[in-house]
Amino acid sequence: MRTGARRQGLKIERIALTFGGGVCDTGGGDVNRVFWMVLAGPMASLATGISSFATSVVFIVYLTLQGVDASVIAEIPQLWRWLVTFGCINLAFAVLNLFPFQPLDGGRLVHLGLSRFCIPIEHA
C-alpha cells in the first residue's frame, strides 16, 4: 500500500490493519491517483490467480508433450492441484474484494467514483 501511494505521489496519513486487510488513509489527494492505488490490490490478486491457472495448464501441456500418459498425470496431481487451488483462492479474493461495500476496495472505488460527480457535503 505504502509503495503504491508513494508512486502515485500521495502522502500517507495512517495505515489501519483490520481482519479483512489494510486501509490506507491518504487524506484526500487526487481522486484519479487514489483510484489507481486502490485498484492495484484486486488487480494483483487477479493477476496472481490467472498466472497460477496458466502455470497449471503449461504444466499439464508440458507433461503431455513429453509423452507422459494421462493416467500417470492423474497420479501425480500435487503441483497441479496446488496451482489450481491457489488460483481459485486468488480469483475469489479479487472478486470478493471488488464487492461495493466498505471497507472492501470495491466500496472505496464506488466512493471515489461518486466523489468525481458529486459535490462534497462541506462544500454544499
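Colleague: Why is Ser-52 called buried?

Modeller: Its relative accessible area is 4%, and buried means under 20%, so Ser-52 falls on the buried side of the cut-off. Bear in mind that this is a predicted model.

Colleague: Where does Ser-52 lie, and what does it touch?

Modeller: Ser-52 lies in helix α2. Leaving aside residues up to four places away in sequence, Ser-52 touches Leu-83, Val-84, Phe-86 and Gly-87. The C-alpha atoms of Ser-52 and Phe-86 are separated by 6.8 Å, although the two residues are 34 apart along the chain.

Colleague: How do you know that Ser-56 is buried?

Modeller: The same kind of reasoning applies. Ser-56 has a relative accessible area of 2%; with buried set at under 20%, Ser-56 therefore counts as buried. Ser-56 is also placed in helix α2, and Trp-80, Leu-83 and Val-84 are what it touches once residues up to four places away in sequence are set aside.

Colleague: Which other residues of α2 are buried?

Modeller: Besides Ser-52 and Ser-56, the buried residues of α2 are Val-34, Met-37, Val-38, Leu-39, Pro-42, Ser-45, Gly-49 and Leu-63.

Colleague: What makes you say that the span of α2 is close to the one expected?

Modeller: Helix α2 covers residues 31-65, which is 35 residues. From its first C-alpha to its last, α2 reaches 50 Å, and the expected value at 1.5 Å a residue is 51 Å. Setting one value against the other, the span is close to the expected one.

Colleague: Where is the kink in α2, and what follows the helix?

Modeller: The kink lies at Ala-40 and is about 30°. Ala-40 comes shortly before the proline Pro-42. Just after α2, Gly-67 takes a positive phi of about 85°.

Colleague: Let's move to α4. Why is Ala-94 called buried, while Phe-93 is called partly exposed?

Modeller: Ala-94 has a relative accessible area of 3%, and the buried class is under 20%, so Ala-94 is buried. Phe-93 has a relative accessibility of 39%. Partly exposed is the range between the buried limit of under 20% and the exposed limit of over 50%, so Phe-93 counts as partly exposed. Ala-94 lies in helix α4, and Phe-93 has its place in helix α4 too.

Colleague: What does Ala-94 touch?

Modeller: Not counting residues up to four places away in sequence, Ala-94 touches Pro-42, Ser-45 and Leu-46. Pro-42 and Ser-45 are among the buried residues of α2. Ala-94 and Asp-105 are 11 residues apart in sequence, and their C-alpha atoms are 9.5 Å apart in space.

Colleague: What makes the nonpolar surface patch that includes Phe-93?

Modeller: The patch is made by Phe-93, Val-95, Leu-96, Phe-99 and Phe-101, and has an area of about 480 Å². Patch residues need over 30% relative accessible area; Phe-93, at 39%, therefore meets that condition.

Colleague: How do you know that Leu-112 is buried?

Modeller: Leu-112 has a relative accessible area of 8%, and the limit for buried is under 20%, so Leu-112 belongs with the buried residues. Leu-112 lies in helix α5. With residues up to four places away in sequence left out, Leu-112 touches Val-31, Val-34, Phe-35 and Val-38. Leu-112 and Asn-32 are 80 residues apart in sequence, yet 8.3 Å apart in space, C-alpha to C-alpha.

Colleague: What else is buried in α5, and what covers those residues?

Modeller: In α5, residues 105-115, the buried ones are Asp-105, Gly-106, Gly-107, Leu-109 and Leu-112. Their cover includes α2 and α4.

Colleague: Why is Asp-30 called partly exposed?

Modeller: Asp-30 has a relative accessible area of 40%. Under 20% would be buried and over 50% exposed, so Asp-30 is partly exposed. Asp-30 is found in the loop between β2 and α2.

Colleague: And for the protein, how many helices and strands are there, and what share of residues is buried?

Modeller: There are 5 helices and 2 strands, following the pattern α-β-β-α-α-α-α along the sequence. Buried residues make up 22% of the 124 residues. The protein exposes about 8,800 Å², with carbon and sulfur atoms supplying 66% of it.

How values were computed
Residues numbered from 1 in each chain as written. Predicted model: local features only at pLDDT ≥ 70, side-chain atom pairs only at ≥ 80, totals over all residues. Heavy atoms only, no water. Helix = DSSP H or I, 4+ residues; strand = E, 2+ residues; numbered from the N terminus. Expected span 1.5 Å × (residues − 1). Bend = angle between axes of the 7 residues up to and from the residue. Buried < 20%, exposed > 50% of the residue type's maximum accessible area, 1.4 Å probe, protein only. Areas by Shrake-Rupley, 256 points an atom, 1.4 Å probe, with all protein chains shown as cover. Contact = heavy atoms within 4.5 Å. Patch = residues over 30% accessible without salt bridge, like charges linked within 9 Å, V, L, I, M, F, W, Y side chains within 5 Å. Salt bridge = Lys/Arg side-chain N within 4 Å of Asp/Glu carboxyl O.
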